[in-house]
Amino acid sequence: MSNYRYELKFVLDQAGYSRAVSWLIMHTSAKKAHPSRFVNSVYFDDPGFSSVRDNLAGISDRRKLRLRWYHNRQGEIISPSFEAKFRHGRLGRKDRYALKNLNQDLTKISFRNLFSTIHHEIGEDSDFLNDAYLGTTLQVCYKRDYFAELDGIRVTFEQQVVFYKPLPHTKIFQSPAISYPNIVMEIKFPQTSKD
């Protein structure tokens, strides 16, 4: 459990977001850690939607698998990786596998072939890839702002959230899109900073 950290999420409207950012700047030592960037994820699940069902049921010990990458305003794909995210109550951790061969090719791969392409690049290094057939279930993109404190506390704000249904014959950003109007604030901190 030493690699786990607390991850707390809050849903904010625009007024709540303004209050949270004002409080953060005026009452803490948090500073913007780096420029805003766009975060993209494609989530994978088995045919029975085990990850989704565990999450909705509030199962304490669960995992989710995703492809994660960033992009700048020019649309350049940055740092694609495959991540296994593990939860134990409010604690979370993730294992990350860099996908060095994916980069710009990511826009050319259909969702139908995405998992097999990732599996081919990672190879047999990861045993959780071999436990079931996994298909794409959701794509999400949002703009994230990062604030960090000296003692390891990080606060992020995710806005301009757009969800996509990854249909098998489509590629990233080609599926029907649904915008989410709210802002998600997440506070992440090590177990030692809980108090």
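Begin by selecting Phe-49, which sits in the loop joining β3 (37-45) to α2 (50-57). The structure on display is a predicted model. With a relative accessible area of 43%, Phe-49 is partly exposed. Add Val-52 and Leu-56 to the selection: together with Phe-49 they form a nonpolar surface patch whose combined accessible area is about 310 Å².

Next, select Ser-81, a residue of strand β5, which covers residues 77-88. Is Ser-81 buried or exposed? Its relative accessibility is 3%, so Ser-81 counts as buried, the limit being under 20%. Display its surroundings as well. Leaving aside residues up to four places away in sequence, Ser-81 touches Arg-66, Leu-67 and Arg-68, and also Arg-96, Tyr-97, Ala-98 and Leu-99.

Move now to Leu-24 in helix α1, which spans residues 14-27. Leu-24 has a relative accessibility of 6% and therefore counts as buried. Which residues does Leu-24 touch, not counting those up to four places away in sequence? They are Ala-30, Phe-147, Val-155 and Phe-157. For a distance to display in the viewer, choose the C-alpha atoms of Leu-24 and Lys-143: these residues are 119 apart in sequence, and the C-alpha atoms lie 19 Å apart in space.

The tour then turns to charged pairs. Side chains of opposite charge can pair when their charged atoms come close. How many salt bridges does a search of the whole structure find? The search finds 10.

Select Lys-85 and Glu-7, which form one salt bridge, with 3.3 Å between their closest N and O atoms. Lys-85 belongs to strand β5 and Glu-7 to strand β1 (residues 5-12), so this pair ties together parts that are 78 residues apart in sequence. Both Lys-85 and Glu-7 are buried.

Proceed to Arg-93 and Asp-95, whose side chains meet in a salt bridge with an N to O distance of 2.8 Å. Arg-93 is partly exposed at 22% relative accessibility, and Asp-95 is likewise partly exposed, at 26%.

Then select Lys-188 and Glu-186, where the closest N and O atoms of the salt bridge are 3.6 Å apart. Lys-188 is buried at 4% relative accessibility, and Glu-186 is buried with a relative accessible area of 3%.

As a last selection, show Arg-5, Glu-7, Lys-85 and Arg-87 together: salt bridges with shared partners join these residues into one network.

Terms used
Residues are numbered from 1 along each chain as its sequence is written. This is a predicted model: local features need pLDDT of at least 70, side-chain atom pairs count only at pLDDT 80 or more; totals for chains, interfaces and linings use all residues. Side-chain values use heavy atoms; hydrogens and water are left out. Patches are made of residues with over 30% relative accessible area and no salt bridge: like charges are joined within 9 Å, nonpolar side chains (Val, Leu, Ile, Met, Phe, Trp, Tyr) within 5 Å. Accessible areas come from the Shrake-Rupley method with a 1.4 Å probe; for residues, only the protein chains shown count as cover. A salt bridge is a side-chain nitrogen of Lys or Arg within 4 Å of a carboxyl oxygen of Asp or Glu. Helices (H or I, at least four residues) and strands (E, at least two) are DSSP runs, numbered from the N terminus. Buried means under 20% relative accessible area, exposed over 50%, partly exposed in between (1.4 Å probe, protein chains only). Contact means heavy atoms within 4.5 Å.
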